[in-house]
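Trainee: Could we go through this assembly together? I would like to begin with a single chain and then turn to the contacts between chains.

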Protein chains: 4
Amino acid sequence: MGSQLGRYFRVTTFGESHGPGLGCVVENCPAGLLLCEEDIQKELDRRRPGQSRITTPRQERDRVEILSGVFEGKTLGTPIALLVRNENARAKDYEDFRHIYRPSHADYTYDMRYGHRAHLGGGRASARTTIGVVAAGAIAKKILREKFGVEICAYVAQIKDLALAKDFKLPDIRTLQQIIEQNEVRCPDNELAQAMYRLIQDTRQDGDSLGGVIEAVAENVPPGWGDPVFDRLDAMIARAILAIPATKGVEIGSGFRSTTMTGSEHNDLFYVENGKIRTRTNHSGGIQGGISNGERIFVRVAFKPTATIARMQTTVTDQKEEVVLKVKGRHDPCVLPRAVPIVEAMLALVLVDAAMGAKLARLDSW
Amino acid sequence: MGSQLGRYFRVTTFGESHGPGLGCVVENCPAGLLLCEEDIQKELDRRRPGQSRITTPRQERDRVEILSGVFEGKTLGTPIALLVRNENARAKDYEDFRHIYRPSHADYTYDMRYGHRAHLGGGRASARTTIGVVAAGAIAKKILREKFGVEICAYVAQIKDLALAKDFKLPDIRTLQQIIEQNEVRCPDNELAQAMYRLIQDTRQDGDSLGGVIEAVAENVPPGWGDPVFDRLDAMIARAILAIPATKGVEIGSGFRSTTMTGSEHNDLFYVENGKIRTRTNHSGGIQGGISNGERIFVRVAFKPTATIARMQTTVTDQKEEVVLKVKGRHDPCVLPRAVPIVEAMLALVLVDAAMGAKLARLDSW
Amino acid sequence: MGSQLGRYFRVTTFGESHGPGLGCVVENCPAGLLLCEEDIQKELDRRRPGQSRITTPRQERDRVEILSGVFEGKTLGTPIALLVRNENARAKDYEDFRHIYRPSHADYTYDMRYGHRAHLGGGRASARTTIGVVAAGAIAKKILREKFGVEICAYVAQIKDLALAKDFKLPDIRTLQQIIEQNEVRCPDNELAQAMYRLIQDTRQDGDSLGGVIEAVAENVPPGWGDPVFDRLDAMIARAILAIPATKGVEIGSGFRSTTMTGSEHNDLFYVENGKIRTRTNHSGGIQGGISNGERIFVRVAFKPTATIARMQTTVTDQKEEVVLKVKGRHDPCVLPRAVPIVEAMLALVLVDAAMGAKLARLDSW
Amino acid sequence: MGSQLGRYFRVTTFGESHGPGLGCVVENCPAGLLLCEEDIQKELDRRRPGQSRITTPRQERDRVEILSGVFEGKTLGTPIALLVRNENARAKDYEDFRHIYRPSHADYTYDMRYGHRAHLGGGRASARTTIGVVAAGAIAKKILREKFGVEICAYVAQIKDLALAKDFKLPDIRTLQQIIEQNEVRCPDNELAQAMYRLIQDTRQDGDSLGGVIEAVAENVPPGWGDPVFDRLDAMIARAILAIPATKGVEIGSGFRSTTMTGSEHNDLFYVENGKIRTRTNHSGGIQGGISNGERIFVRVAFKPTATIARMQTTVTDQKEEVVLKVKGRHDPCVLPRAVPIVEAMLALVLVDAAMGAKLARLDSW
């Protein structure tokens with residue numbers, strides 16, 4: 001188990017960091033969607049290494065191929081298999097670590113679980129495994145936009161102590177989507193982005209790494225998406241988000257901030273605007289009782305600092321010998337800019353799955 | 001969909017707040033476990049209303065009946081159906097709200113989704129639906145303890161601004177389990193618990209409500225539990241936790257605190273202690289790469305303040321009329337003390353499911 | 001696993017023959033269906049023992065209670081839990097068999113699998129466990145009829161060597177449904193039914209038992225139901241049907257008869273009738289490539305003779321001692337008449353599940 | 001849905017007949033199994049076209065590539081993705097049929113379901129989609145053999161009226177496996193095989209096609225495999241088998257033959273042999289109450305005659321025009337010889353899945 005997401009729009013990912021290839025199979029994508037490789041490639045390009053000066057200098061083109069499920073430019077309703085071949089794998093970069101457990105990586109736990117491990121580039125624990133997620137997410141985004149007008153955007157809200165001001169006002173979502181592609185950090189405040197950029201460069205020089213917060217919004221989600229009780233929309237988002245490597249926490253709407261408020265402060269009062277039921281505040285983050293209420297869905301994600309650092313660290317081998325480790329290799333000092341499309345993809349996958357569930361929830365919409 | 005948790009240890013819950021009964025069916029519980037109703041009842045008693053002066057005065061006995069799956073005191077390996085009948089339902093308490101959407105409740109979203117809603121006591125959105133969770137969790141806890149020596153304990157760490165001191169040291173888990181049953185707030189610091197208790201009482205007088213933070217730990221979890229990539233242990237915990245009503249966020253290990261640390265500060269260095277591989281710090285919260293590493297699993301959960309308050313609020317009806325609402329009824333001003341066993345149950349359900357997955361992960365353990 | 005059927009319309013059954021109760025939870029039944037206990041009871045009454053002189057004389061009322069999921073006479077879209085309490089359980093009838101493996105029963109295999117077994121009345125292997133199936137099937141039938149005009153009918157086509165004539169013409173389905181309730185055997189040919197009836201009575205006198213064939217038809221199934229490749233409609237029907245105790249084979253359309261035909265004889269030629277695409281023959285049994293084609297769905301089911309007979313048989317105990325067994329108790333010499341509603345229920349459950357899948361298969365029907 | 005088989009050993013297949021490639025992802029294959037491409041290729045070679053004079057002359061090499069899940073010759077416990085590229089696709093062979101519904105094919109039903117269809121070679125309805133099944137089945141077979149000593153063998157028992165004699169004695173399974181690879185029909189009676197061979201050649205000349213029966217046996221299956229009630233071993237086998245294109249029926253053990261027997265004739269009496277509990281007859285086909293009993297598992301499968309024939313047939317277009325069709329192309333007049341490895345693969349997939357379920361069924365085997 002474990003490599004599958006979605007109950008209706010079902011994605012199975014596969015692939016190790018340095019194996020022949022990575023990708024996914026998307027089951028139950030409806031027939032009749034216009035889809036080509038470029039639709040998927042453009043999202044993969046946002047995720048791929050080497051796209052800017054602050055990401056790893058590894059050059060991976062990550063070209064996607066559609067193996068099935070699309071015929072004459074349209075989806076067939078059959079499984080869509082997507083493949084990205086691995087290139088530029090430097091196996092020897094990793095030979096020294098074959099028996100060494102890198103701190104705060106998954107080397108030790110994979111060995112404990114499986115007894116046999118692909119030590120190259122972290123194998124299945126590598127963030128490269130999110131290629132399948134981003135690829136499938138591109139399809140999900142397309143359905144959400146074309147069928148429901150739903151738009152999704154994630155952005156970097158904080159790197160270490162550099163955070164968006166509390167009173168920072170997000171622009172409308174189309175503008176937001178453009179802005180974050182204009183700076184290498186994918187932070188909507190350009191000035192802050194520059195400070196973040198310098199911090200990342202300095203930290204890299206220092207052989208250290210950084211974490212931070214990504215926020216994500218989804219707009220135009222109609223009321224009624226989300227399946228109580230265990231598949232509440234917020235629960236499903238949380239699960240998908242925490243399946244991204246390096247995440248340590250997730251908040252929906254007011255999140256942990258809600259814990260110091262009283263009910264009378266926190267409750268989102270309903271009112272009617274242009275014939276539509278709205279809430280005056282949105283502490284709920286667009287989800288009430290696990291179901292979307294039509295307001296903006298708002299999610300915050302904590303990323304820990306990258307575990308791979310260029311400093312000496314003490315650790316142990318699989319023979320329980322204590323050793324000193326210094327990792328070479330080409331790594332991101334801060335994964336957040338490249339994690340933005342991954343967060344978006346996860347959110348898109350959960351939303352399109354919820355949309356399908358909503359279709360079946362009432363006899364009169366069958 | 002939505003009422004099912006678990007891939008191997010599969011729980012399906014059912015029931016509305018004021019329907020004939022609530023409960024669950026537990027599929028795939030292994031044969032041969034000693035089990036009686038008292039094993040389950042003792043956990044339900046920790047959850048039930050009316051157990052102390054700071055919970056709702058509704059008196060619900062919540063007696064559980066085992067309908068199937070147990071024979072002569074031992075599980076059969078067949079589905080275990082558990083039933084709790086609803087009593088003391090005051091339907092007329094809710095008649096006034098039949099057409100009114102209570103702020104930050106699920107009334108509006110259920111109507112949007114299903115078009116037909118059990119308005120009594122919140123129907124399926126009520127926290128009473130966690131009865132099935134707590135009942136199933138009692139079985140999960142028993143397996144974890146008897147088969148693996150795993151112990152779970154949750155506790156209240158914060159109510160509004162009253163929080164455990166940063167340097168508060170948790171006692172060993174058995175002691176912790178006892179301590180939190182000795183005060184009505186289920187906070188391990190007795191002095192703090194008293195302050196919390198007073199705050200809750202004052203807030204109730206004030207017609208308002210409170211949120212806070214519950215923390216949960218699991219000890220003796222062996223390394224190797226958790227199924228990358230989507231069913232990572234942290235992802236599955238996050239999903240189960242956010243399926244609890246009123247939750248708004250979840251953290252694993254260092255959580256959002258990790259975002260301001262550098263990699264060299266945050267990495268958990270491995271060492272060997274008594275022939276066992278350990279980590280010197282536990283920012284990972286016992287989970288690395290989505291798999292348990294043998295250290296203490298640590299989870300933090302944000303609960304928003306209870307949506308039901310005894311104050312005037314403006315809202316709308318299902319006819320889009322704006323109205324003023326004042327809720328009567330008998331509600332908890334702060335759900336956290338009663339939510340402690342629910343958090344434990346969710347954690348137990350995820351862990352026992354992961355244990356089963358781990359059994360199958362290697363050919364040599366088949 | 002094992003007690004769940006359906007991917008969309010998901011039924012989980014529970015209960016042992018002589019435990020406190022049996023039933024099911026139906027997840028994902030859409031909201032807005034009118035539903036009351038009588039809708040379900042009438043199908044259970046067709047299944048229950050003691051309904052005629054040729055079924056077991058055990059008197060079980062099998063009264064169903066709706067525990068959840070229905071409010072003010074309409075489904076909520078939340079799980080529907082259905083409970084039937086066991087009555088009239090004569091535990092002592094079975095005490096002699098506690099350690100004896102009855103031939104062609106599941107006693108031995110349950111012991112091998114679970115190591116702990118409810119020996120009373122076959123426990124979970126009893127045909128009483130189909131109560132949950134019939135109850136859930138009643139809901140499925142109601143949806144199929146009201147939403148799609150689909151009608152289902154099963155009937156006894158053969159008992160031992162007494163079979164419907166090859167040229168027997170089925171009446172229209174509404175008439176068929178009435179006819180089979182008018183004789184105790186549920187065979188559409190009244191004369192044949194009388195011969196079957198006498199054969200059953202004679203066989204019972206003789207302490208022996210009988211098998212036979214049930215056929216089932218579904219009419220008005222629209223083209224497009226069924227999910228290739230593994231969830232083909234025929235595959236899903238076969239699985240559901242063979243989950244009925246005592247079944248040994250299943251045929252769709254021409255079944256084994258097709259194996260001696262050539263392609264030019266067997267192919268169902270298309271033509272147009274009243275603007276609709278039809279086939280001139282229906283060897284396909286209404287299913288092509290795993291998807292319904294709009295023609296009558298036709299299924300045949302082989303039931304072996306009841307394993308419980310009133311004759312001396314040699315067998316072994318759980319201590320591997322060879323013994324002679326003579327079963328007392330009140331059993332059906334031929335299960336087919338009572339199995340008719342079970343076959344119908346299984347077919348209905350598969351069809352309603354397929355209907356939901358079909359809804360999602362094309363983007364333009366979302 | 002639809003392209004997934006297995007609850008524990010989970011296979012997702014993908015691919016259309018004339019798309020870029022076909023294959024599967026196998027999730028939850030345990031770590032530590034020695035596996036290389038040749039292990040899989042040898043089974044694919046048994047299925048591929050062009051392997052003998054009685055199969056289609058299309059030359060497809062069907063070379064498999066392992067894309068993930070295997071590292072240094074051993075499975076990792078992560079998803080195993082397998083890819084076979086399509087070659088030798090003659091699109092223009094099919095251009096004439098773009099708008100024509102071939103009789104007893106899936107053209108019409110796919111159009112009804114999806115509204116968009118890959119008309120080349122039947123698209124997803126092609127038997128080429130069983131490539132993923134055979135590939136995954138090769139892994140399942142390897143686990144079954146190495147871990148449990150389970151051997152599987154299918155063979156052709158009947159083509160049209162040419163059938164194995166009723167008193168034909170199967171040799172031991174290893175011998176059987178060898179024999180059936182020695183004649184092109186895969187029938188264990190060499191003389192009969194020759195007659196079948198001639199019949200197939202004659203029928204091809206005649207522009208017609210043939211059906212028949214494949215039987216399959218599995219030996220050394222330990223008692224205890226199979227999950228009542230819906231996932232009974234027989235039910236799961238039936239579903240997997242009927243997911244093979246062109247199948248119309250399935251029997252377990254005595255099958256339809258049981259319907260004319262009495263209980264006293266049909267019951268399999270238990271006895272003890274060499275300290276093991278055995279049955280004197282095996283009408284049960286190795287499965288009782290849906291669980292394996294240690295005896296030989298025996299399955300019979302009905303294949304209809306191939307729908308593609310080289311004769312004139314009347315049919316309709318997607319515009320509802322009646323037309324006369326004459327199919328060109330290179331087709332099998334009888335699919336049974338090549339279907340033998342597919343039946344084996346399906347049986348293997350169901351058995352390995354059941355083996356995993358059995359591992360979890362008792363607390364004392366965890």
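Mentor: The discussion below takes up the fold of one chain, then its contact with a partner, and then the symmetry. Please keep in mind that this is a predicted model.

Trainee: How many helices and strands are there in chain A?

Mentor: Chain A holds 9 helices and 19 strands. Its radius of gyration is 21 Å, close to the 21 Å that the globule rule gives for 366 residues, so chain A is as compact as a globular protein of that length.

Trainee: And what does the C-alpha trace of chain A span along its principal axes?

Mentor: The spans are about 65 × 50 × 35 Å.

Trainee: What share of the residues of chain A count as buried?

Mentor: Of its 366 residues, 67% count as buried. As for contacts in chain A with a separation of 6 or more, 71% of them come from residues 24 or more positions apart.

Trainee: Let us change topic. How many residues does each of chains A and B bring to the contact?

Mentor: Chain A contributes 96 residues, and chain B contributes 96 residues. On the side of chain A that touches chain B, the classes are 39 nonpolar, 37 polar and 20 charged residues.

Trainee: Strand 12 of chain A pairs with strand 12 of chain B; in which sense, parallel or antiparallel?

Mentor: The pairing is antiparallel, over 3 bridges, and the strand covers residues 247–252 in chain A and residues 247–252 in chain B.

Trainee: Which residue is the bridge partner of A:Glu251 there?

Mentor: The partner is B:Gly249, in strand 12 of chain B.

Trainee: Now the symmetry. What rotation superposes chain A on chain B?

Mentor: A rotation of 180 degrees, with 0.0 Å of shift along its axis, does so at an RMSD of 0.0 Å. In chain A, A:Arg239 has the C-alpha nearest the axis, at 2.4 Å. The two copies use the same surface, as 100% of the contact residues of chain A recur in chain B.

Trainee: What about chains C and D: what turn lays chain C on chain D?

Mentor: A turn of 180 degrees and a shift of 0.0 Å along the axis lay chain C on chain D, with an RMSD of 0.0 Å. These two copies are thus related as by a two-fold rotation axis.

Trainee: Which residue of chain C comes closest to that axis?

Mentor: C:Arg239 does, with its C-alpha at 2.4 Å. The same surface again serves both copies, and 100% of the contact residues of chain C recur in chain D.

Key. Residues are numbered from 1 along each chain as its sequence is written. Chains are lettered from A and ligands numbered from 1 in the order in which they are written. This is a predicted model: local features need pLDDT of at least 70, side-chain atom pairs count only at pLDDT 80 or more; totals for chains, interfaces and linings use all residues. Two residues are in contact if their C-beta atoms, placed from the backbone, lie within 7 Å. Ala, Val, Leu, Ile, Met, Phe, Trp, Tyr, Cys and Pro count as nonpolar, Asp, Glu, Lys and Arg as charged, and the others, Gly among them, as polar. Two strands pair if DSSP finds at least two bridges between them. Helices (H or I, at least four residues) and strands (E, at least two) are DSSP runs, numbered from the N terminus. Copies are superposed by least squares on the C-alpha atoms of residues with pLDDT of at least 70 in both. The radius of gyration is taken over C-alpha atoms; the globule rule is 2.2 Å times the number of residues to the power 0.38. A residue is buried if 20 or more other C-beta atoms lie within 10 Å of its own, exposed if 12 or fewer, and partly exposed in between; C-beta atoms are placed from the backbone.
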